[in-house]
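Here is a short report on one protein model. Keep the sequence and the 3D view open while reading.

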Amino acid sequence: MTTDVFYMARALQLAGNGRYTTDPNPRVGCVLVRDGAIIGEGWHAWAGQDHAEVAALKTVQDATGATAYVTLEPCSHYGKTPPCCEALIKAGVSRVVAAMQDPNPLVSGQGLDRLKAAGCEVVVGVLEDDARLLNRGHIKRMTENRPFVRSKLAMSLDGRTALASGESQWITSACARADVQRLRAESSAILTGISTVLADDPALTARVDFDVAQPLRVVLDTQLQMPSHAQMAKLPGRTLILTCSGDEPKQQRLQQAGFEIYRLPGKNGRLDLHEVMRFLADQKINEVLVEAGAVLNGALLAADLLDELIVYMAPAVLGDQGRGLFHLPGVTTMADKKVLKLLDVRQVGGDLRLTLEPQAANV
């Protein structure tokens, strides 16, 4: 088992090479080992290209009798590429160690069963927690039909995101803002509300110095207030506007500007956020990064749709007239408070970065 952990750790390291590029596919790495030595390695780099197992097999002339360490169950179906389980069988691999079973119903145990039927020894569950963390968006979409949702927030020491006037640039340091670009790069989509667009005219792009599949831009705009001249209309890639409005002239104007318009069900005069998440899952979105104000963040938190919060806290004070992190009108007593679990604290430049997750029940 110690040996299996060693080689699976290497496979997970390889899988991480696809952190910014594999969407909508999961991040997967593969290591081929024979006689106590690594003979081949590979990872899935881009959707539509070789899966990790095939990439690894292409680095060796003969894999007969080898053990394949794979961070996710080898696929068993034909998609843009042939089944990986068949490639391993054809190559003569005698043992397959998978970190976890694939929750994708097109695979979900079938790849492992096919390997066993072909005479391969199969082991599942080595470093499974690490594998799940790497692909939590894929897992969430396959099991709950919604993406993994992370919100990025920046605040002062006294919990303010902006001055009363709305001025907020810049609360945090350049180092923290660079860290945010990496968060954007590993996200499938960046979600914001129309109020943020009207106030800041953001680009919502990942500005990094490495290869990245740029995230989809998604704007929640109940009444179609989006300006046709917003800078998102001038940028490469897709920008989706989700709305409750049936105003066809407005839709046509925005479509002509280059936006994609989708009408979704509403709830209490606003977009139904659960329907929004189901729609994004249908768009094959694994991970969503929320960059929005107090109203949308408060609504997502109240609807139990935030899986993680990344809060950058600057050593500055904006005063009690500044704007807060969350608009939560339903919190009127201590029993109503939203409880978060602190997962990680680290310093980024002169700021602190807090990683938290909402708790299932108030305590």
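## A strand residue at the surface

V345 lies in strand β15, which covers residues 340-348. The model is a predicted one. V345 has a relative accessibility of 43%. Buried would need under 20% and exposed over 50%, so V345 counts as partly exposed. V345 also belongs to a nonpolar surface patch. L342 and L352 are the other members, and the patch measures about 240 Å².

## A buried loop residue

T22 offers a contrast in setting. T22 sits in the loop between α1 (2-15) and β1. Is T22 buried or exposed? T22 has a relative accessible area of 1%. The cut-off for buried is under 20%, so T22 is buried. Leaving aside residues up to four places away in sequence, T22 touches R27, H44, A45 and A47.

## The five-stranded sheet

What is the strand order of the open sheet? The order is β2-β1-β3-β4-β5, with mixed pairing. β2 and β5 (121-124) are the edge strands, each paired on one side only. On average, neighbouring strands are turned by 15 degrees against each other, direction ignored. Helix α4 (residues 110-117) packs on this sheet and touches β4 and β5. The direction of α4 makes about 150 degrees with that of β5.

Strands of a sheet pair through backbone hydrogen bonds, in either the parallel or the antiparallel sense. Two pairs from this sheet are set out below.

| Strand pair | Sense | Bridges |
|---|---|---|
| β1 (residues 29-34) and β2 (residues 37-43) | antiparallel | six bridges |
| β4 (residues 95-98) and β5 | parallel | four bridges |

Single residues mark the register of each pair. G29 stands opposite W43 in β2. V97 stands opposite V123 in β5. β1 and β2 form a hairpin with two residues between the strands. There D35 takes a positive phi, near 55 degrees.

## Helix α11 and the residue after it

Which residues of helix α11 (residues 294-302) are buried? They are L296, N297, G298, L300 and L301. D304 follows α11 and has a positive phi, near 60 degrees.

## In short

T22 is buried in its loop at 1% relative accessible area, while V345 is partly exposed at 43% relative accessibility. The five-stranded sheet is open and mixed, and α4 packs on it.

Technical notes
Residues numbered from 1 in each chain as written. Predicted model: local features only at pLDDT ≥ 70, side-chain atom pairs only at ≥ 80, totals over all residues. Heavy atoms only, no water. Buried < 20%, exposed > 50% of the residue type's maximum accessible area, 1.4 Å probe, protein only. Pairing = 2+ DSSP bridges. Patch = residues over 30% accessible without salt bridge, like charges linked within 9 Å, V, L, I, M, F, W, Y side chains within 5 Å. Areas by Shrake-Rupley, 256 points an atom, 1.4 Å probe, with all protein chains shown as cover. Salt bridge = Lys/Arg side-chain N within 4 Å of Asp/Glu carboxyl O. Axes fitted to C-alpha atoms, helices over the stretch in contact; angles between N-to-C directions. Contact = heavy atoms within 4.5 Å.
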